[in-house]
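Got your viewer open? Here is a short tour that goes stop by stop: what to select, and what you will find there.

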Amino acid sequence: MTALTQTAIWRALKAHHAAIEDLHLRTLFADDPGRAIRFSAEGAGLFLDYSKNRITDETLRLLFLLAENCGVAERRAAMFSGAKINTTERRAVLHMALRAPRGTRMTVDGVDVVPDVHKVLDAMARFATGIRNGEITGHTGKRIRNVVNIGIGGSYLGPEMAYFALRAFSDRSMIFRFVANVDGTDFHEATLDLDAAETLFIVSSKTFTTLETMTNAATARAWIVEKLGTDAAVGKHFAAISTNIGGVTNFGIDVANTFGFWDWVGGRYSMDSAIGLSTMIAVGPDNFSAMLAGFHAMDEHFRTAPPSRNLPLLLGLLSVWYNNFFSAQTIGIMPYAAHLARFPAYLQQLQMESNGKHVDLDGQVVDYQTGPIIWGESGTDGQHSFYQLLHQGTKLVPCDLIGFCSPLSPLTEQHDLLMANLFAQSEALAFGKTAEALKAEGSPDFQTPFRVAEGNRPTNTILAQKLDPATLGSLVALYEHSVFTQGTIWSIDSFDQWGVELGKVLAIHIIPELDRDAEPKLSHDTSTNALIGRYRRLRG
């Protein structure tokens, strides 16, 4: 098979890039009055304006041809059919089944998995409703008012991001906290002001063996037993998201409060599974169902929309364009919504764990960049920290600006100010400020070099009506399928994460070596040995 960078379409894109790399967005807009309309698309409640990208009609033609040659449509069909496209783990990739409506048929190994999905969703709904209305109580009979989600990776980032994103729809009489870090400070601060008699812990670990999660779970168990005075309290103050029923039972958690999921769901794709139990408790089953409907709407859009109108395909191809042809190292995610403050962190895992790979599906080392670094901050906070570099720095940083037309607060004038900043930033990044414009404004000559902004900095603008459950589902699925598109172009497995395992294995070996009294023989490199020795001396 011809290497990706040696294909005719890749060479055509390189030649095209060389021809237009110095073309400025000012020129593109001046020469094409219809550009903003033509380079926009809409689907599943989201509107995408991608006109402020350094592209032409020819760029899109070539990128669509790249997608065709790389088999994006065929691999998409295989994913939706339940084929085992996660080749290194020999697993299907069917997170779309988590939000499939009742009656939809989606199969893995010939078995329709949708009925089982809804069986779990129904059990979650009964449990969440019981917690919310006080029918399910703690060991002393007190109502549960505090929920602490214990997980790591997708079982932490997803629920935490979703809770803060949908806080306007949550039960404000309840407190929700999220613990992931094995640093004991994380657990201590999360529980410091909580009444144990009113606290429920949700432990999320498919195998019930994840080191960080089970360390925090053991600490939570000891905390409950100490505060309430009996092991019998554990069953009333814990729920589990796991498939290891034996481990859950040995821990003391009631099987009735255990909710499973499947090996065809990757952790970073699991926030709409039982992993989202804390989200469902916070916003209620109806709002959780609305979020699932938003996910499903984007799934269907991605599956059926033509390339020129297909939002995830467009985002994915634009990422490839900048990553591989402009050599951009990063993508900025800038949500202009305070409630989406954790969204960039969520996308960091989704994209970087999925596409941070150095070999292709055949196990061959690639000779091109794969996943870009994802980072960001909510607007307008970021404007007063790193936007200086975006406007006048030496690095090209494509950005996604995300905004909502209807505010969640009654402070509508402030929402207008927020959105004015979003629109202004996309305009300023695209068109900048020339020396001639500064002179016409009367700027002192000595300041001109320092005030010139080059512009030609690309952005996508994503708009929705408001940040509600359906919109959140659609937005997350948009990026899920964009990640899939990029991974297919690069011919990598976006659904394994072997790099995550290496550090975990080494940590398990180092743990007993930190005991000052044992003084085991150290067999690491000289730097690691010295660091361990210093830690043992200073631990106190």
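Start by selecting Trp10, Trp321, Tyr322, Phe325, Phe326 and Tyr368, which together make up one aromatic cluster. Keep in mind as you look around that this is a predicted model.

Across the whole structure, a search turns up 25 aromatic pairs. One of them is right here: the ring centres of Trp10 and Tyr368 are 6.1 Å apart with the planes at 45°, so this pair counts as tilted. Colour by secondary structure and you'll see Trp10 in helix 1 (residues 8-20) and Tyr368 in the loop between helix 15 and strand 11, so the pair ties together parts that are 358 residues apart in sequence. Are these two buried or exposed? Trp10 has 3% relative accessibility, so it counts as buried. Tyr368 is buried as well, with a relative accessible area of 14%.

For another pair, select Tyr163 and Phe176. Their ring centres lie 5.1 Å apart and their planes meet at 40°, so this pair is tilted. Tyr163 belongs to helix 7 (residues 154-165) and Phe176 to strand 6 (residues 175-179), and the two are 13 residues apart. Tyr163 is buried at 6% relative accessibility, and Phe176 is buried at 6% too.

Now go back to the loop between helix 15 (343-355) and strand 11 (373-376) and pick Gln364. How accessible is Gln364? Its relative accessibility is 49%; exposed would need over 50%, so Gln364 counts as partly exposed. Leaving out residues up to four places away in sequence, Gln364 touches His358 and Val359. If you want a distance to draw, try the C-alpha atoms of Gln364 and Glu21: they are separated by 30 Å, with the two positions 343 residues apart along the chain.

Next, the nonpolar interior. The largest nonpolar core has 117 residues, and the members that touch the most others are Trp264, Ile281, Phe343, Leu472 and Tyr479. Centre on Leu472 and show what surrounds it: beyond its neighbours within four places in sequence, Leu472 is in contact with Met161, Ala162, Ala165, Leu166, Met271, Met291 and Leu340. Another core, of 25 residues, lies apart from the largest one; Phe187, Leu194, Val203 and Phe238 are among its members.

Two arginines deserve a stop. Select Arg76 with Phe302: Arg76 lies over the face of the ring, at 5.2 Å from the ring centre. Then try Arg221 with Phe251, where the charged end of the arginine sits over the ring, 5.8 Å from its centre.

Finish with some backbone oddities. Most residues other than glycine have a negative phi, and most peptide bonds are trans. With that in mind, zoom in on Gly379 and Thr380, which are joined by a cis peptide bond with omega at about 10°. Thr380 is in the loop between strand 11 and helix 16 (387-392).

Which way does phi go at Asp109, positive or negative? Phi there is positive, near 55°, and Asp109 is not a glycine. You'll find Asp109 in the loop between strand 3 (107-108) and strand 4 (111-112), and at 60% relative accessibility it counts as exposed.

Last selection: Ser491, in the loop between helix 20 (469-490) and helix 21 (498-510). Ser491 is another non-glycine residue with a positive phi, of about 55°.

Terms used. Residues numbered from 1 in each chain as written. Predicted model: local features only at pLDDT ≥ 70, side-chain atom pairs only at ≥ 80, totals over all residues. Heavy atoms only, no water. Core = buried A, V, L, I, M, F, W, Y, C linked by side-chain atoms within 4.5 Å. Buried < 20%, exposed > 50% of the residue type's maximum accessible area, 1.4 Å probe, protein only. Contact = heavy atoms within 4.5 Å. Helix = DSSP H or I, 4+ residues; strand = E, 2+ residues; numbered from the N terminus. Phe/Tyr/Trp six-rings, centres within 6.5 Å; stacked < 30°, edge-to-face > 60°. Lys NZ or Arg CZ within 6 Å of the ring centre and 35° of its normal.
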